[in-house]
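Here is a report on one protein model. Please look over the sequence and the coordinates before reading on.

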Amino acid sequence: MGANLSELFIRRPVMTILVMLGIVIFGIAGFKKLPVSALPNVDFPTIQVTAELSGANPETMAAAVATVLEKQFSTIAASIP
């Protein structure tokens, strides 16, 4: 029997369909069992800053403190390993 693999599947279409269904079913079952987390646990670096300015109103705090701090924080380079 010197038939190659392609000829076997061409001559037996029912077997071809059954083999393909088996591959699809095992593929779906395997895919569902993959250990993949929808939301992986990631530890993001955080900075906590407390600033006070006695007697300042919110506009002064925004202009004199918060804006200055935000500009400084934006210069921090991201450390991505």
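What percentage of the 81 residues of the protein count as buried? The answer is 1%. Buried here means under 20% relative accessible area, exposed means over 50%, and partly exposed lies in between, with a 1.4 Å probe and protein chains only.

## Basis of the model

This is a predicted model: local features need pLDDT of at least 70, side-chain atom pairs count only at pLDDT 80 or more, and totals for chains, interfaces and linings use all residues. Residues are numbered from 1 along each chain as its sequence is written, and side-chain values use heavy atoms, with hydrogens and water left out.

## Overall form

The protein has 3 helices and 0 strands. Its pattern along the sequence is α-α-α. Helices (H or I, at least four residues) and strands (E, at least two) are DSSP runs, numbered from the N terminus.

The radius of gyration of the protein is 32 Å, where a compact globule of 81 residues would have one near 12 Å. That radius is taken over C-alpha atoms, and the globule rule is 2.2 Å times the number of residues to the power 0.38. Along the principal axes, the C-alpha atoms fill a box of roughly 95 × 20 × 20 Å.

## Surface and charge

The accessible surface of the protein comes to about 7900 Å². Carbon and sulfur atoms hold 66% of that surface. Areas come from the Shrake-Rupley method with a 1.4 Å probe; for residues, only the protein chains shown count as cover.

The protein carries 5 positive and 5 negative charges, and their mean positions are 33 Å apart. Lys and Arg count as positive, Asp and Glu as negative, while His and the chain ends are not counted. Each charge is placed at NZ of Lys, CZ of Arg, CG of Asp or CD of Glu.

## Helix H1: the salt bridge

A search of the whole structure finds 1 salt bridge. The term means a side-chain nitrogen of Lys or Arg within 4 Å of a carboxyl oxygen of Asp or Glu. Arginine 11 and glutamate 7 form a salt bridge through their side chains, at 2.7 Å from N to O.

Why are arginine 11 and glutamate 7 separated by about one helical turn? The two are 4 residues apart in helix H1 (residues 5-11), so about one turn lies between them. Arginine 11 counts as exposed because its relative accessibility is 63%. Glutamate 7 has 29%, so it counts as partly exposed.

## Helix H2: a nonpolar patch

Val14, Ile17, Leu18, Leu21 and Ile25 make up a nonpolar surface patch. Together they have about 520 Å² of accessible area. Patches are made of residues with over 30% relative accessible area and no salt bridge; like charges are joined within 9 Å, nonpolar side chains (Val, Leu, Ile, Met, Phe, Trp, Tyr) within 5 Å.

Isoleucine 17 lies in helix H2 (residues 13-32). Its relative accessible area is 52%, so it is exposed. Glycine 27 is also placed in H2. Glycine 27 counts as partly exposed, at 39%.

## Loop, helix H3 and long spans

Leucine 34 sits in the loop between H2 and H3. At 48% relative accessibility, leucine 34 is partly exposed. Helix H3 (residues 58-74) holds alanine 63, and glutamine 72 is found in H3 too. Alanine 63 is exposed at 54%. Glutamine 72 is exposed at 52%.

C-alpha separations link positions along the chain:

- Glycine 27 and leucine 69 are 42 residues apart along the chain and 53 Å apart in space.
- Leucine 34 and glutamate 70 are 36 residues apart, with 42 Å between them.
- Alanine 63 and phenylalanine 44 are 19 residues apart in sequence and 28 Å apart in space.
- Glutamine 72 and alanine 62 are 10 residues apart in sequence, at 14 Å.
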